[in-house]
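Here are a few exercises to work through with the model open beside you. Try each task before you read its solution.

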Amino acid sequence: MTTSASVPTGSESAITAGDTVTDRLVAANAQYAAAFADPGMDARPVLHVAVVACMDARLDLHAALGLELGDCHTIRNAGGVVTDDVIRSLTISQRKLGTRSVVLIHHTGCGLESLTEDFRNELEAEVGQRPAWAVESFRDVDQDVRQSMQRVRTSPFVPHTDDVRGFVFDVRTGLLREVDPAS
């Protein structure tokens, strides 16, 4: 796994005084692009699967699931919850790009377990405008996975719901634990 600590620190990628993290990312992209060869793929995932997961930086989904470039669509947000925008992405993924399976991945130690909808009140007090979106916080990760599976399965826009499965990724062991949708 590549981490920030393992990024080369040669003269091309060294951060000098005043550089930002974005400058570092752009420099890393220049190195990547120098060796890049078009793999000749289109946007249709080879495995016909869409993975919905939390944006948590500890989840390296491709490594954890044995995926390669082009294998899946990856949809990430805070908590990996199925929101209207996730339904939008899954609808496009299935109806226009050929996916048939949906894998939902939440994880242990998620930051959304410590937030409440009061976060929206705090934002409103700070900026003078209430966010239109819900925080989607939760206390029980398994129950939230079940709720997310149900949202996908009952959406009239997502046509392929026979293979919708949900999991909890353990950030300490790297193992997935499947959540029974009926419990």
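Two strands pair if DSSP finds at least two bridges between them. Helices (H or I, at least four residues) and strands (E, at least two) are DSSP runs, numbered from the N terminus. This is a predicted model, in which local features need pLDDT of at least 70 and side-chain atom pairs count only at pLDDT 80 or more, while totals for chains, interfaces and linings use all residues. Residues are numbered from 1 along each chain as its sequence is written, and side-chain values use heavy atoms, with hydrogens and water left out.

**Exercise 1.** Work out in which order the five strands form the open sheet, and which strands stand at its edges.

*Solution.* Step one: the strand order is 2-1-3-4-5, with mixed pairing. Step two: strand 2 (72-77) and strand 5 (176-179) are the edge strands; each has a single partner strand, so one side of each lacks a neighbour in the sheet. Step three: on average, neighbouring strands are turned by 25° against each other, direction ignored. Angles run from 0 to 180 degrees between N-to-C directions, with axes as lines fitted to C-alpha atoms, for helices over the stretch in contact.

**Exercise 2.** Find how strand 3 is joined to strand 4, and which helix packs on the sheet.

*Solution.* Start with strand 3 (residues 101-107) and strand 4 (residues 163-169): they run parallel and are joined by seven bridges. Val 102, for instance, has Val 164 in strand 4 as its bridge partner. Next, look at helix 3, which packs on the sheet and touches strand 1 (49-54), strand 2 and strand 3; contact means heavy atoms within 4.5 Å. The direction of helix 3 makes about 170° with that of strand 2.

**Exercise 3.** Examine the salt bridges of Arg 88 and Arg 151: which residue does each meet, and where do the partners lie?

*Solution.* A salt bridge is a side-chain nitrogen of Lys or Arg within 4 Å of a carboxyl oxygen of Asp or Glu. The structure holds seven. First, Arg 88 meets Asp 85 at 3.3 Å, N to O. Both lie in helix 3 (residues 84-97), three residues apart, about one turn of the helix.

Then take Arg 151, which forms a salt bridge with Glu 136, the closest N and O atoms being 3.2 Å apart. Arg 151 lies in helix 5 (residues 141-154) and Glu 136 in the loop between helix 4 (118-127) and helix 5, so this pair ties together parts 15 residues apart in sequence.
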